Amino acid sequence: MDLMVEVSPRRIFANGHTYHINSISVNSDCETYMSADDLRINLWHLAVTDRSFNIVDIKPANMEDLTEVITASEFHPHHCNLFVYSSSKGSLRLCDMRAAALCDKHSKLFEEPEDPSSRSFFSEIISSVSDVKFSHSGRYMLTRDYLTVKVWDLNMEARPIETYQVHDYLRSKLCSLYENDCIFDKFECAWNGSDSVIMTGAYNNFFRMFDRNSKRDVTLEASRESSKPRAVLKPRRVCIGGKRRRDDISVDSLDFAKKILHTAWHPAENIIAIAATNNLYIFQDKVNSDMH
């Protein structure tokens, strides 16, 4: 008979949230984990399934006063008392559970000042942080908003130390992306094992990698054609009008129904997992370089 793999729940942690859970993070103490929804973050013990401890609650007394929601959260990889959560206003709050039982008051607020000259109707929507990930070293945080990925140093709250454009060619198309609801897509981001390369998804089944040392970047495509065993991925390029090279793809022919929202990088090896629609692609580095 064919081997069948079936998933069955070992434990069910019930009645912890009123709204959709957007992130779950296991603590480095290996005893607790947290779950976050739009307005609350709960701390659970792995052995206790019927109750949790509320550590962040941003729900206002009157819901009409609500100005932002929690979009993602994660525990620090080494310090079990620290965690970060991101908001729809583009800010990151680092909290210390040693300071108070309820962490509504943050220890650090990471926020980039907005450039008034570039403000538009879409500014607040595209600045919403869809994912936040601590680096393996614990020194940096990686965030993804609609158009960029940013690297933050835990010791510098005023602005990110690095900003990478994921698909800047979409800046002129925000109006149509708003009309078809794509502007609300939530892309994830990932670090490689040595924190030297970052990865995130885009449209047309493209995913992007940025080398922090060489500042090189590459666009690759997860498709059925490239998923044959031993097939080598070719870099792709999106062009905006003007002259086009043979393999270039025009920004007007991108398929916005094909989007890579979920990506993951093996913690020690150069193996990545890419979720594209209902397919899961796993790519392994052929020459052990950091980029392909």
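**Figure 1. Strand 12 of the predicted model, with one covered and one uncovered face.** Strand 12 spans residues 162-165. E162 and Y164 make up the covered face of strand 12, while T163 and Q165 make up the uncovered one. Strand 11, residues 148-153, runs antiparallel to strand 12 and is joined to it by four bridges. Within this pairing, K150 stands opposite T163, a residue of the uncovered face.

**Figure 2. Strand 6, a strand with six buried residues out of six.** Strand 6 covers residues 82-87. Because six of its six residues are buried, strand 6 is largely enclosed by the rest of the structure. L82, V84 and S86 point one way from the strand, and F83, Y85 and S87 point the other way. Both sets of residues are buried.

**Figure 3. Hairpin of strand 5 and strand 6.** Strand 5 is formed by residues 70-75. Strand 5 and strand 6 run antiparallel and are joined by five bridges. Six residues lie between the two strands of this hairpin. A72 has S86 of strand 6 as its bridge partner. S86 itself is buried and points the same way as L82 and V84.

**Figure 4. Hairpin of strand 6 and strand 7.** Strand 7 consists of residues 92-96. Strand 7 is antiparallel to strand 6, and five bridges join the pair. Y85 stands opposite R93 of strand 7. On strand 6, Y85 points in the direction shared with F83 and S87. Four residues separate the strands of this hairpin, in which G90 takes a positive phi near 85°.

**Figure 5. Surroundings of L220 in strand 16.** Strand 16 comprises residues 217-221, L220 among them. L220 counts as buried because its relative accessible area is 3%, where the limit for a buried residue is under 20%. Apart from neighbours within four places in sequence, L220 is in contact with N205, F206 and F207, and also with L233, K234 and P235. M209 is 11 residues away from L220 along the chain, and the C-alpha atoms of the two are separated by 8.2 Å.

**Figure 6. Nonpolar surface patch with F184.** The patch is made by F121, Y178 and F184 and has an area of about 320 Å². F184 is placed in the loop between helix 2, residues 174-179, and strand 13, residues 189-191. F184 counts as partly exposed because its relative accessibility is 41%, which lies between the limits of 20% for buried and 50% for exposed residues.

**Figure 7. The whole protein chain, for orientation of the close-ups.** Two helices and 21 strands make up the secondary structure of the protein chain. The radius of gyration is 20 Å, close to the 19 Å that the globule rule gives for 292 residues, so the chain is as compact as a globular protein of that length. Taken along the principal axes, the box filled by the C-alpha atoms is roughly 60 × 60 × 35 Å. Of the 292 residues, 44% are buried. Among contacts with a separation of 6 or more, 47% are between residues 24 or more positions apart. The accessible surface of the protein chain is about 16600 Å², and carbon and sulfur atoms account for 51% of it.

Key
Residues numbered from 1 in each chain as written. Predicted model: local features only at pLDDT ≥ 70, side-chain atom pairs only at ≥ 80, totals over all residues. Heavy atoms only, no water. Patch = residues over 30% accessible without salt bridge, like charges linked within 9 Å, V, L, I, M, F, W, Y side chains within 5 Å. Areas by Shrake-Rupley, 256 points an atom, 1.4 Å probe, with all protein chains shown as cover. Salt bridge = Lys/Arg side-chain N within 4 Å of Asp/Glu carboxyl O. Buried < 20%, exposed > 50% of the residue type's maximum accessible area, 1.4 Å probe, protein only. Rg over C-alpha atoms; globule rule 2.2 N^0.38 Å. Contact = heavy atoms within 4.5 Å. Pairing = 2+ DSSP bridges.
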